[in-house]
Amino acid sequence: MQNMTDKTVAVVKGLIMDGVAKANSGHPGGAMSSADFATILFSEFLEFNPDDPAWFNRDRFILSAGHESMLLYSLLHLNGFISMDDIKNFRQLGSLTPGHPEVHLTPGVEATTGPLGQGFAMSVGFAAAEAHLRARLGQDAMSHYTYALASDGDLQEPIAMGAASLAGLWNLGKLVVFYDSNKIQLAGPTCKADCTDHRKVFEGLCWQVIEVDGHDHEAIRTAIRSAREETDKPTLIIGHTVMAKGCATMEGSHKTHGEPLKADEIAATKKKLGLSDEAFHVPADVLDAYRARFDGLRAKAADWQTRLDAKLARDADFAALWTHVVRPRPELSIKWPSFTPGESVATRQAWGKCLDAVSDSLPTLVGGSADLDPSNQTMTFRTTYGDFGVDGHKARNLAFGVREFPMAAIMNGMQLHGGLLPFGATFLTFSDYCRNAIRMSALQDLPVLYVFTHDSFWVGEDGPTHQPIEHVSSLRLIPDLIDLRPADANETAVCLDIALTQPRHPSCIFLTRQGLPVLDPAEYPAIIDGPRKGGYVLKDCEGTPDLIIIASGSEVSLALATAKLLDRKVRVVSMPSAKLFDDQPESYKTEVLPPEVTARAAAEAGRTGLWHKYVGLGGVVLGLDHFGASAPGKTLSDNYGFTPENFARMIREKY
């Protein structure tokens, strides 16, 4: 006679088959091979509040194998978080059940996954956030686990290995990853593409590794218990499974990875599994058994709240830190340092001074550099607050090493967890390594801060490999990503305030290696708040201008110097953020850039294409549409024409 666990797993597999078949699109095979582990985890171990999917101390489950989404949706339906109509509308327009899970859309989904490997890396970020907050708030306030389900494809992506190395170094003992090793991928058997011994690899990365038959329910339970007992190491449970386990004739077939099962195969499989032939059928006894522990879960959540309230009442230091943990970003009030007008300060140095000045008042600010601490100006932060994991879980600096892509995805996981303000830093040219995770920040509405220094050919002698040309323009193409390229130290502080008080959008701040003159707010008062609108009039003339010069970052001071060489009425517009400017009302944009003023020029040390949006197809743009060279920055600046004299000549020849 079929026991209730077997029956529940079978019902989950039935929903997987029916949902994919109705959509005529999806991935049933992997979802079915993972169903035993995921169903046991959700029904017996995962702690959550059935009445509140966002309860703060819930266990987090990240489906890194996002193509197995119907597995997750089936379990979320059993949780009561989504309806049967949602299940039936899998992959349809406007549904809560898209092809890959989306965190901002579906209750109970912890992360948007799909690009393989990133869910694994985000789970490291979740676990790091939990460990840090537990170290500072105590076990009573923070005591949950982070679980992830990964596929062969996830572990083939190098980002997973980079993140796994950090998880082992950081002693993330509450991270448990189930690796569904069904040895099949879309194109065929994994042995055609991979020979990795994952036990050896992960043990070498300081993980506990447990191997089980991924369809043996008692072995799965024992493995989860063993993982939870290990406090110093993350755990990888390698589940040796069979693709499309339970199918009547297609067990083990790579064709089940990305194709719906045919009607006759579904019918035969349901018969084999002891299921009703009715589509989308969930028997009452399965639902009752699955939800039998819900009252106990509710009681645990209520007890946690009671203990939290008591600690908030009796412990002023705890209450102060908790206020920072739960405070919405737009409510942050940050006191930034001041800078001396006329001094030469690289904007990367301004960032470093800002970071050092506000770190104490922002105790949940955590982050670090991809092994570029002196260059990215994060060294003082590192020495002051210690390296997370290596110096304990209270430490606030994240020493990511040369791992830009894992860094970015880990920050996404930390932001998704909640309670912290994560940032990561590297050279702008290496933003390419971060790019897909930055896109995932934007897609998930995550206000992560990316700090990119050495933002132009002014990097100099390191040469074209390190000199970004297309990177700022390229990042501006990502929807909902805020670009911030400040003109001086004062604009840097305002741009950082914009980034840290964002409720939804991620920000990239682009900072110079070379010194720039600090602009005097007394002479340029608009610099105090103007950057918040993306573009603003920094220096104006009397009446209607004859010419408008627009610039960003290091070229703003060049624009001001150029304006002085021109015998005409010139308006200089600083545009640190094209996105924020484009988001302004049309009335504001036409006020800054009056349509009747058609004589326009722009300057930025990067690709020129974007700027024609503001100056017109025939407008003058001083930029760089070729790779750089290895030479001192000043030599390159003169060679490439980034001088007031050359810019003024270009403008005179056109207008």
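This section describes the surroundings of Asp-194 and a selection of salt bridges in a predicted model.

Asp-194 is located in a loop, with strand β5 (188–189) on one side and helix α9 (198–204) on the other. The relative accessible area of this residue is 25%, and Asp-194 is therefore classed as partly exposed, since that class begins where the buried class, under 20%, ends. Within the same loop region, the Asp-194 side chain is engaged in a polar contact with the side chain of Thr-196, at 2.6 Å. With respect to the backbone, Gly-153 stands 41 residues from Asp-194 along the chain, and the C-alpha atoms of the two residues are 10.0 Å apart.

In total, 33 salt bridges were identified in the structure. One of them pairs Arg-221 with Glu-218, with a separation of 3.4 Å between the closest N and O atoms. Both residues belong to helix α10 (residues 217–229), and because they are three residues apart, about one helical turn lies between them. The two partners fall into separate accessibility classes: Arg-221 is buried, at 13% relative accessible area, whereas Glu-218 is partly exposed, at 44%.

A further salt bridge is formed by Lys-579 and Asp-583, for which the closest N and O atoms are 2.8 Å apart. Here the lysine is buried, Lys-579 having a relative accessible area of 17%. The acidic partner, Asp-583, is partly exposed at 48% relative accessibility; this value does not exceed 50%, and Asp-583 therefore does not count as exposed.

Lys-613 is bridged to Asp-582, the closest N and O atoms of this pair being separated by 2.6 Å. This salt bridge connects distant parts of the chain, since Lys-613 lies in helix α25 (residues 612–615) and Asp-582 in helix α23 (residues 578–582), with their positions 31 residues apart in the numbering. Lys-613 has a relative accessibility of 54% and is accordingly exposed, while Asp-582, with a relative accessible area of 26%, is partly exposed.

Beyond these individual pairs, salt bridges with shared partners assemble a single network. Its members are Asp-455, Arg-476, Asp-483, Arg-485, Glu-555 and Glu-604.

How values were computed: Residues numbered from 1 in each chain as written. Predicted model: local features only at pLDDT ≥ 70, side-chain atom pairs only at ≥ 80, totals over all residues. Heavy atoms only, no water. Helix = DSSP H or I, 4+ residues; strand = E, 2+ residues; numbered from the N terminus. Buried < 20%, exposed > 50% of the residue type's maximum accessible area, 1.4 Å probe, protein only. Polar contact = N/O pair within 3.5 Å; in protein donor to acceptor, adjacent residues only side chain to side chain. Salt bridge = Lys/Arg side-chain N within 4 Å of Asp/Glu carboxyl O.
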